[in-house]
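Hi,

Here is the model I promised to pass on. Please open it next to this message, and I will go through what turned up.

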Amino acid sequence: MASLKPALALPCGILLCFLVQVSLAAKVRHHKWAVEYMFWSPDCVEHVVMGINGQFPGPTIRATAGDTIVVELTNKLYTEGVVIHWHGIRQFGTPWADGTASISQCAINPRETFIYRFKVDKMLPDSKS
Ligand SMILES: [Cu+2]
């Protein structure tokens, strides 16, 4: 029966503590979004725009590197397909969640829901404040 030698046991114990700390700190952040038409005046003239949950621009996601983002996106538009492209997220292991229409996924059709799920792999420059 093999056993860990003391010289190996200590580094393994340190690594295990580090992994536990990382996994305890990482969070899964759930969001439920609906894309729908709304009236808005981004240039002081009222237009029909595409908003998310009644907001234009859409909601901000606050996260830390290592967190998992889950966005349940429902397309409430009448005739147009929708995707959300997460520019700046490298999508390691989740290329289908990148949100590039006709490249990494088909558009989400009207009245359909798609669940984006991906890990935040790094801190973005504008998210440090
Ligand atoms: Cu991009």
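First, a word on confidence. This is a predicted model; the mean pLDDT of the chain is 84, and 77% of its residues reach 70 or more. Two stretches need care: pLDDT stays under 50 over residues 1-6, and again over residues 8-20. For residues 1-6 the model has two contacts beyond four places in sequence, and for residues 8-20 it likewise has two. Where pLDDT is low, the predicted coordinates should not be read in detail, so I would leave the details of those parts alone.

Now the overall layout. The chain has one helix and four strands, and from the N terminus on the order is α-β-β-β-β. Of the contacts with a separation of 6 or more, 58% are between residues 24 or more positions apart. Of the 129 residues, 12% count as buried.

How are the strands paired? Strand β1 (residues 28-40) runs parallel to strand β3 (residues 68-75), and eight bridges join them. In this pairing, Lys-32 stands opposite Glu-72 of β3. On β3 there is also a pairing with strand β4 (residues 113-119), this time antiparallel and over seven bridges. There, Val-70 has Arg-117 in β4 as its bridge partner. While you look at the strands, recall that in a regular strand the side chains alternate between the two faces of the sheet.

Next, the core. The largest nonpolar core has 14 residues, and those with the most contacts inside it are Trp-33, Val-35, Leu-73, Ile-108 and Tyr-116. The elements that give two or more residues to this core are β1, β3 and β4, and β4 gives the most, with three. Val-35 is a good place to start looking: beyond its neighbours within four places in sequence, Val-35 is in contact with Met-50, Ile-52, Leu-73, Asn-75, Lys-76, Leu-77 and Val-82. Leu-73 is thus both a contact of Val-35 and another of the core residues listed above.

The loops hold some backbone features that you may want to check by eye. Most residues other than glycine have a negative phi, and most peptide bonds are trans. Against that background, three places stand out:

- Phe-56 and Pro-57 are joined by a cis peptide bond, with omega at about -5°. Pro-57 sits in the loop between β2 (47-52) and β3.
- Asn-53 is not a glycine, yet its phi is positive, about 50°. Asn-53 is also in the loop between β2 and β3, and it counts as partly exposed because it has 14 C-beta neighbours inside 10 Å.
- Arg-111 is not a glycine either, and has a positive phi of about 70°. Arg-111 lies in the loop between β3 and β4, and it is exposed, with 10 other C-beta atoms within 10 Å.

One last item concerns the loop between β3 and β4, where Glu-80 is found. How far apart in space are Glu-80 and Asn-109? Their C-alpha atoms are 6.9 Å apart, although 29 residues separate them in sequence. Glu-80 itself counts as partly exposed, with 13 C-beta neighbours inside 10 Å.

That is the tour. Do write back with any questions once you have had a look.

Best wishes

Definitions and conventions:
Residues numbered from 1 in each chain as written. Predicted model: local features only at pLDDT ≥ 70, side-chain atom pairs only at ≥ 80, totals over all residues. pLDDT = per-residue confidence, 0-100. Contact = placed C-beta atoms within 7 Å. Pairing = 2+ DSSP bridges. Buried ≥ 20, exposed ≤ 12 C-beta atoms within 10 Å, placed from the backbone. Core = buried A, V, L, I, M, F, W, Y, C linked by C-beta atoms within 7 Å.
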